[in-house]
Amino acid sequence: MAAPAPSQMTVDELAARAGVTVRTLRFYSAKGLLPPPELGPRRVGWYGAEHLGRLELIEELQRQGLTLAAIERYLAQLPADIGSLDLAFHRGLVASWTPEAAEEATREQLGRRVGRELSEEDVDRLAAMGALHRTEDPERFKIEPGLLPLGVRVLDVPIPLETLLAARAVVRLHSQATAHDLHRLFRDTVWRPYRESEPTEEELERMKGLTERIQPMVVQALVTAFQRSLAEELTRSDP
């Protein structure tokens, strides 16, 4: 049976799971980006799944180019009691804007990375969610770094495999349509008029930099809109 998600980790264990140094973790804590740990006997600090999820989100936002001040503002908008699953959801959506290159890993490396031994059923479910892809070698996989943490957190949720496949198809269909419409809107109302104004090369590069910096803001807007729409649907649903 697969091991449950970590509920108590020391600072060293949390740093190892997140792939950062203890010094980096303490720096984030000092900046207020991570909530304080729960103090146990002998004042040992214990960290949980929410700390890991928040740390992974911070690292992803940094990879997207956000400054620490911008990350602080992003995190301040999240609910105070946000859970690890919602944090992983945010990370997955942020990472999906500019997908990371798929990484290869053996089954053993994958197990160490996610902190649990994965069964064949687990692998099937992660593949259905797009978090990993099988290769010709049954012991090697291609991993999607932005989706893997989210996929692992919902492994034990009792959702049929067929539902996961259908949900992935729905999300992919609508996300492609949204990306297409947003790209067309920006191209026709911002980029094309700007090009027609005959800017200098330096001004063009500055505009490209600005468009890259607003991408996380657009992602956050999509996340917020989706969460509100989902809440409205659940409210209207029959009990």
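Let's start with one residue. Setting aside its neighbours within four places in sequence, E120 is in contact with R107 and R134. Keep in mind that this is a predicted model.

Where does E120 sit? It belongs to helix α7, residues 120-128. Is E120 buried or exposed? Neither label fits, because its relative accessible area is 43%, and that makes E120 partly exposed.

Now take its partner, R107. The side chains of E120 and R107 are joined by a polar contact of 2.7 Å. R107 is in helix α6, which covers residues 107-114. Its relative accessible area is 19%. The cut-off for buried is under 20%, so R107 counts as buried. So here a buried R107 meets a partly exposed E120.

What else does R107 touch? Again, leave out neighbours within four places in sequence. R107 is then in contact with L118, E120, V123, P138, E139 and F141.

Let's widen the view to the whole of α6. Which residues of α6 are buried? They are R107, L110, G111 and V114. Around the axis they cover an arc of only 100 degrees, so they sit on the same side of α6. Turn to the face away from that buried side. There you find E108 and R112, and these are exposed.

What does the buried side pack against? The list has helices and strands. The helices are α1 (11-18), α7 and α8 (148-153). The strands are β3 (103-106), β4 (132-134) and β5 (140-143). After the helix comes G115, with a positive phi near 80 degrees.

That list brings us to α1. Its buried residues are V11, L14, A15 and A18. Looking down the axis of α1, these fall within an arc of 100 degrees, so they line one face of the helix. On the other side, D12 and A16 are exposed. What covers the buried residues of α1? The cover includes α2, β2 (45-46) and α3. And what follows α1? That is G19, whose phi is positive, near 75 degrees.

So α2 and α3 both help to cover α1. How do those two helices meet? Helix α2 is residues 22-30, and helix α3 is residues 49-63. Their axes come within 12 Å and cross at roughly 90 degrees. The two helices are therefore roughly perpendicular to each other. From α2, the contact uses T24, L25 and Y28. From α3, it uses L55, I58, E59 and Q62. Sorted by class, this contact has 4 nonpolar, 2 polar and 1 charged residues.

One more residue in α3. H51 lies in this helix. Is H51 buried or exposed? It counts as buried, because its relative accessibility is 10%. Which residues does H51 touch, beyond its neighbours within four places in sequence? They are L14, L34, P35, P36 and P37. Note L14 in that list. L14 is one of the buried residues of α1.

Let me retrace the route. We began at E120 in α7. A polar contact took us to R107, in α6. The buried residues of α6 pack against α1, among others. The cover of α1 includes α2 and α3. And H51 of α3 is in contact with L14. That's the tour.

Key:
Residues are numbered from 1 along each chain as its sequence is written. This is a predicted model: local features need pLDDT of at least 70, side-chain atom pairs count only at pLDDT 80 or more; totals for chains, interfaces and linings use all residues. Side-chain values use heavy atoms; hydrogens and water are left out. Axes are lines fitted to C-alpha atoms, for helices over the stretch in contact, and angles run from 0 to 180 degrees between N-to-C directions. Helices (H or I, at least four residues) and strands (E, at least two) are DSSP runs, numbered from the N terminus. Angles under 35 degrees count as roughly parallel, over 145 as roughly antiparallel, 65 to 115 as roughly perpendicular and the rest as oblique. Contact means heavy atoms within 4.5 Å. Ala, Val, Leu, Ile, Met, Phe, Trp, Tyr, Cys and Pro count as nonpolar, Asp, Glu, Lys and Arg as charged, and the others, Gly among them, as polar. Buried means under 20% relative accessible area, exposed over 50%, partly exposed in between (1.4 Å probe, protein chains only). A polar contact is a pair of N or O atoms within 3.5 Å; within protein, one must be able to donate a hydrogen and the other to accept it, and residues adjacent in sequence count only if both atoms are side-chain atoms. The arc is that of the directions from the helix axis to the C-beta atoms.
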